[in-house]
Amino acid sequence: MRYLCLIYSDESQWPKMPKAEQDKWMAEYGAFTEGIKQSGHYVGSERLEAASTASVVRQRNGKVSITDGPFVETKETLGGFFMITAKDLDEAIQLASKIPGARHGSVEVRPVMEIRRP
Amino acid sequence: MKYLCLVYGDEHELHSVPDRECLAYDEALRLGGRCLASEALESSRTAATVRMRNGKTSVTDGPFAESKEQLAGFYLIEARDLNEAIQVASRIPPARVGSVEVRPIRPIRELAKQAG
Amino acid sequence: MSEDPADRMRATVEAVYRAESRRVLATLIRLLGDFDLAEEALHDAFATAVERWPRDGVPANPRGWLVSAGRFKAIDGLRRRARFDASLVQLAERLDAETGDGAVSDEEGVADDQLRLIFTCCHPALPPDAQIALTLREVCGLTTEEIARAFLTQAPTLAQRVVRAKAKIRDARIPYEVPTRADLPGRLDAVLRVIYLVFNEGYSASSGPSLTRHDVSGEAIRLGRLLVGLLPDPEAVGLLALMLLHESRRTARSSTAGELILLDEQDRALWNRELVSEGAALVERALLSRRFGPYALQAAIAAVHAEAESAAATDWAQIVALYDVLLRADPSPVVELNRAVAVAMRDGPEAGLTLIDAILARGDLTEYHLAHSARADLCRRLGRTAQARASYERALRLTRQEPERRFLERRLESCGDPS
């Protein structure tokens, strides 16, 4: 099964961190990614720009409307994700708990629908 | 530039959009080299939220934020700029009943390559 | 260049994209009648090129090839979508029937399409900031993010502006055409105004990283050149000349520390002579047409400055004469103010001061910082220190630009202690 691990955290903390601490976080993310690559659990990952760069797009009756994002207004915002493969939800949760962001933010684990593409 | 298009919607209303229409759009995006990855997620009822505090893992049932409209899937796309990304997002069939959040991707791998 | 044929082909496609994408887009908008549809078709055309050209070789006429590929892809895409949205069936059939491949490749047709695009983006029914955003994105090919950075705006805000402008073009049926001869002067004015606004944004604004701002002026000059190539109207020529002559002084107008240096104190050796002579030649061309207007006249004034060896050696009589013509062509208190400064140089500070005081007494320009700083300078030269101080202080309260504020503070200090 594949699972999407969505990392939510308080992004206002990041710019306040000293450079050394930021580097430490980045190194931890690097090590985590390397680890799940070697164990064969890694599928993909991306880091997003700040939530203030988000736009929300809707289409109603053929008219497109756009508002400043993000869609969900919360203190912790989506900052990135990992796509992993795991044998079941427990293994996915176990892997998700090792994502550095789980220590100060939250990681939502969502099973991915398996769609067979033609 | 890469953008993540997050599809949010009321799960019941999203069902009103035909699957084959979504698949056809997805296929068209892939054919045009626009789509790097796209996935539909299982219902938000299947979600678990994980936190780690002081070395202890806590798991709660349900998505990170409780709301009527939930994350239902995503498209990771390549576009020239934000306007092109918005144009792609506005044509994702669920955009007619839900909302699509467009977020630029931070090019960390590309930046690392340039630096290295 | 890389030895790898795949890399070489990618470089070729990228080069064609840079050279041709805006022209292909302009033609596709005409053929398909819709900005979004055309942009998608442009993307698909280049995606097809990346796939086919390595196999089939680069076509003899890449632009024509891309236009037909884009048109084909758009109609094909509409037919696919029509399976879910029956309203698109007709559109697909109509486009297929109406748009042959014939009218795509001749140079004149392509130039007309580019002009159509410029006039549509600068349509007076669109809000001014949307005209600028649309022109930079569609005509110059800048990305939304680049334009947002240049104008110190958030990308989502700018993206909304572009989406709304395109929706208005579609919903209000803003026509995609070059205006008729009767409408041309007014519509051309709107285009020139957009180009000059873009130029001034890069030239006068003092916040933000200087490099990006410089790029904005460069983009305006590129647009000016494009327009002169497409439609050699004397005012378009005049605007290009004006921009080039201003641009020629860029390095001279601020110190290495970023302090503002006025025209009469600039090191004229730093002026870019190539730009000066190109600008001066264009001024001559515009004036010879005898159908020139305010842009050509302002450029002519800039050219007189550019050709003087020093501030003192400037032909002030000629500058005053040019301002007289400009005042008749385009009367405004700002032009009057500039004329007053030139009169002060020709006839002495007292004469200039009388004119400035008359403008201010009318109630014009009382909130314009440059009017007060010009008055202050003349008072200073006349030794009326107290009056000079008062006017510098007034100017300081009104200016919003940082280097200008520092400049006025230095001038104020040079007036000595008030006590």
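This tour proceeds through chain C and then chain B of a predicted model.

**Chain C as a whole.** Select chain C and display it as a cartoon. The view should show 19 helices and zero strands. Aligned to its principal axes, the C-alpha trace of chain C extends over about 85 × 50 × 40 Å. Colouring by relative accessibility is a useful next step: 48% of the 419 residues of chain C count as buried. With a surface switched on, chain C presents about 19,900 Å² of accessible area, and carbon and sulfur atoms contribute 52% of that area.

**The domains of chain C.** Next, select residues 1-105 of chain C, which are assigned to domain 1, and then residues 331-419, which are assigned to domain 2. The C-alpha centres of domain 1 and domain 2 of chain C lie 57 Å apart.

**Charges and contacts in chain C.** Select the charged side chains of chain C. There are 55 positive and 62 negative charges, and their mean positions are separated by 2 Å. Among contacts in chain C with a separation of 6 or more, 63% join residues 24 or more positions apart.

**Chain B.** Now move to chain B, where four helices and six strands are found. Traced from the N terminus, the elements of chain B follow the order β-α-α-β-β-β-β-α-β-α. The C-alpha trace of chain B spans about 50 × 45 × 20 Å along its principal axes. Of its 116 residues, 56% count as buried, and the chain B surface exposes about 5,200 Å², with 54% supplied by carbon and sulfur atoms.

Finally, select the charges of chain B: the mean positions of the 16 positive and 17 negative charges are 7 Å apart. For contacts in chain B with a separation of 6 or more, residues 24 or more positions apart account for 77%.

Note on methods
Residues numbered from 1 in each chain as written. Chains lettered and ligands numbered in written order. Predicted model: local features only at pLDDT ≥ 70, side-chain atom pairs only at ≥ 80, totals over all residues. Heavy atoms only, no water. Helix = DSSP H or I, 4+ residues; strand = E, 2+ residues; numbered from the N terminus. Buried < 20%, exposed > 50% of the residue type's maximum accessible area, 1.4 Å probe, protein only. Contact = heavy atoms within 4.5 Å. Areas by Shrake-Rupley, 256 points an atom, 1.4 Å probe, with all protein chains shown as cover. Lys, Arg positive; Asp, Glu negative; His and termini not counted. Charge placed at Lys NZ, Arg CZ, Asp CG, Glu CD. Domains from an automatic or database assignment.
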